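Here is a short tour for anyone meeting this structure for the first time. Have a look at the picture, then read on.

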Amino acid sequence: MNTIESHKRTIAKTVTYRVGNTVITFLMTFLLFGVSAALAGSLALAQIILGSAIFYLHDRVWQKFQWGKNQDFENQKRSLLKTICYRLLVLIAGFIVARLVLTSSNETAAWWTITSMILSMVFYYIHERIWVKIKWGWKEHSHDDNAVNA
């Protein structure tokens, strides 16, 4: 038997990550890019919607892979690879949202995206390491055709 995350655990992780990352996005946009609170809030809201969908789907896909997991523990390499994969997906989405909501300048949108990516990667990794220590929301699972062993 092996353990996997329940959907409730993935939803809880999604919510806690989105709340923290939304605060980071708002503060970064408002303080570093000097836009109005309303515009910073609009960008943060767009990221809540899009980011939540990406986070949830990304985390569920990772449940199919057993690499870096033993019983009820994920190692640091797995958390790091999950961080990189997630951030690449969000990098593309973030640039598009910044370009549509924040600015008509590709350069400004790129700087916003890079700054956001760096801050969010640090937060994502810390968030993953905290959730590794939380035992709630794991369920027993036998190996089957849905799991990929790497």
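Let's begin with one bit of vocabulary: a residue is called buried when its relative accessible area is under 20%, exposed when it is over 50%, and partly exposed in between. Keep that in mind for leucine 81, which has a relative accessibility of 34% and therefore counts as partly exposed.

**The overall picture**

What you're looking at is a predicted model. The average pLDDT of the protein chain is 86, and 92% of the residues reach at least 70. Confidence isn't even along the way: helix H1 (residues 7–32) has the highest mean, 92, while strand E3 (residues 73–74) has the lowest, 74.

Four helices and four strands make up the list of elements in the protein chain. If you follow the sequence from start to end, they come in the order β-α-α-β-β-α-α-β. The C-alpha trace spans about 50 × 25 × 20 Å along its principal axes.

There are 150 residues in the protein chain, and 43% of them count as buried. On the outside, about 8000 Å² is exposed, with carbon and sulfur atoms supplying 72% of that area. As for charge, the protein chain carries 16 positive and 9 negative side chains, and the centres of these two sets are 4 Å apart.

How much of the contact network joins residues at least 24 apart in sequence? Among contacts between residues at least 6 apart, the share is 78%.

**The cores**

The largest nonpolar core is a group of nine residues: Met28, Val35, Ala40, Leu43, Val97, Ala98, Leu102, Ala109 and Trp112. Helices H2 (37–62), H3 (76–102) and H4 (106–133) are the elements that each give two or more residues to this core. H3 has the largest share, with three residues. Apart from this core lies another one, of seven residues, including Ile54, Tyr86, Ala93 and Tyr124.

Met28, a member of the nine-residue core, touches Phe33, Trp112, Thr115, Ser116 and Leu119, if you skip residues up to four places away in sequence.

**Three residues to look at**

Now zoom in on three spots. The table gives a C-alpha to C-alpha distance for each of them.

| Residue | Partner | Apart in sequence | C-alpha to C-alpha |
|---|---|---|---|
| Threonine 29 | Alanine 40 | eleven residues | 5.5 Å |
| Arginine 87 | Arginine 129 | 42 residues | 16 Å |
| Leucine 81 | Glycine 94 | 13 residues | 19 Å |

Threonine 29 sits in helix H1. Is it buried or exposed? Threonine 29 is buried, because its relative accessible area is 0%. Leaving out neighbours within four places in sequence, threonine 29 is in contact with Gly34, Val35, Ala40, Leu43, Leu102 and Trp112. Several names there should ring a bell: Val35, Ala40, Leu43, Leu102 and Trp112 are among the residues of the largest nonpolar core.

Arginine 87 belongs to helix H3. With 3% relative accessibility, arginine 87 counts as buried too. Which residues does arginine 87 touch, not counting those up to four places away in sequence? They are Tyr17, Ser116, Met117, Ser120 and Met121. Ser116 also appears on the contact list of Met28.

Leucine 81 is in helix H3 as well. Leucine 81 is the partly exposed residue from the start, at 34%. Once neighbours within four places in sequence are set aside, leucine 81 is in contact with Trp62 and Trp67.

How values were computed. Residues are numbered from 1 along each chain as its sequence is written. This is a predicted model: local features need pLDDT of at least 70, side-chain atom pairs count only at pLDDT 80 or more; totals for chains, interfaces and linings use all residues. Side-chain values use heavy atoms; hydrogens and water are left out. pLDDT is the predictor's confidence in each residue, from 0 to 100. A nonpolar core is a set of buried Ala, Val, Leu, Ile, Met, Phe, Trp, Tyr and Cys residues joined through side-chain atoms within 4.5 Å. Buried means under 20% relative accessible area, exposed over 50%, partly exposed in between (1.4 Å probe, protein chains only). Contact means heavy atoms within 4.5 Å. Accessible areas come from the Shrake-Rupley method with a 1.4 Å probe; for residues, only the protein chains shown count as cover. Lys and Arg count as positive and Asp and Glu as negative; His and the chain ends are not counted. The place of a charge is taken as NZ of Lys, CZ of Arg, CG of Asp or CD of Glu.
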